[in-house]
Amino acid sequence: AKEAIELHQRGVRLRHLGHLERLPKQLKQAINWALKLTKNNNGMTLNLAFDYGGRLEILDAVRSIITKGISPQDVDEKLFSNYLYTAGLPDVDLVIRTGGELRISNFLLWQSAYSEYYFTEVLWPDFNAKEAEEALIAYSQRQRRFGGL
């Protein structure tokens with residue numbers, strides 16, 4: 001709650017990616033409270049991912065499209081993106097993997113299709129501002145081609 005209030009004071013909008021139903025009651029209530037508190041903020045958007053999986057997100061999007069009766073001919077990337085948990089947000093530019101992990105771990109599969117990856121041995125609890133700056137410097141030196149040659 002203390003963190004949510006501080007984020008709210010800074011104009012940060014919180015969004016939840018995933019499902020809340022299976023979370024413990026207290027955690028679910030705290031998340032819903034923070035989401036409601038920050039819903040009208042227009043600064044940075046911070047996504048919280050609890051009970052999230054990229055494959056499940058894609059399946060949820062497909063199910064929603066089918067339920068709405070949308071014709072298969074009308075489904076394109078833009079429409080599909082509007083049914084993802086991240087609807088209305090830009091795709092991911094940079095994915096930072098800490099702790100020496102070299103996999104994407106079922107995280108934002110659709111949204112990270114053209115992301116740049118930064119891998120570091122530093123564990124998440126130790127990933128500080130200096131580490132973030134190194135990742136951003138490495139990212140800024142890349143030439144992005146978005147699937148092109």
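1. A good place to start is helix α2, where Ile31, Ala34, Leu35 and Thr38 are buried. Seen down the axis of α2, these buried residues fall within an arc of 100°, so they line one face of the helix. Please keep in mind that this is a predicted model.

2. What do the buried residues of α2 pack against? Their partners are helix α1 (2–9) and the strands β1 (13–18) and β2 (45–50). The other side of α2 is another story: Lys25, Gln26 and Lys36 are exposed there.

3. As for its dimensions, α2 runs over residues 25–38, which makes 14 residues. From the first C-alpha to the last, α2 reaches 20 Å, close to the 20 Å expected at 1.5 Å a residue.

4. Stepping back to the whole protein chain, you will find five helices and four strands. Their order along the sequence is α-β-α-β-α-α-β-β-α. Of the contacts between residues at least 6 apart in sequence, 62% join residues at least 24 apart.

5. Now for the overall dimensions and the surface. Taken along the principal axes, the C-alpha atoms of the protein chain fill a box of roughly 50 × 45 × 30 Å. The protein chain has 149 residues, and buried ones make up 28% of them. About 10,500 Å² is exposed by the protein chain, with carbon and sulfur atoms supplying 54% of that area.

6. How far apart are the mean positions of the positive and negative charges? In the protein chain, 19 positive and 18 negative charges are counted, and their mean positions are 7 Å apart.

7. Two backbone angles deserve a look in your viewer. Most residues other than glycine have a negative phi. Asp51 is not a glycine, yet its phi is positive, at about 50°. You can find Asp51 in the loop between β2 and α3 (54–67). Is Asp51 buried, exposed or partly exposed? Its relative accessibility is 25%, so Asp51 counts as partly exposed.

8. The second angle belongs to Ser105, a residue other than glycine with a positive phi near 55°. Ser105 sits in the loop between β3 (94–97) and β4 (116–119). With a relative accessible area of 34%, Ser105 is partly exposed.

Notes: Residues are numbered from 1 along each chain as its sequence is written. This is a predicted model: local features need pLDDT of at least 70, side-chain atom pairs count only at pLDDT 80 or more; totals for chains, interfaces and linings use all residues. Side-chain values use heavy atoms; hydrogens and water are left out. Helices (H or I, at least four residues) and strands (E, at least two) are DSSP runs, numbered from the N terminus. The expected span of a helix is 1.5 Å times one less than its number of residues. Buried means under 20% relative accessible area, exposed over 50%, partly exposed in between (1.4 Å probe, protein chains only). The arc is that of the directions from the helix axis to the C-beta atoms. Contact means heavy atoms within 4.5 Å. Accessible areas come from the Shrake-Rupley method with a 1.4 Å probe; for residues, only the protein chains shown count as cover. Lys and Arg count as positive and Asp and Glu as negative; His and the chain ends are not counted. The place of a charge is taken as NZ of Lys, CZ of Arg, CG of Asp or CD of Glu.
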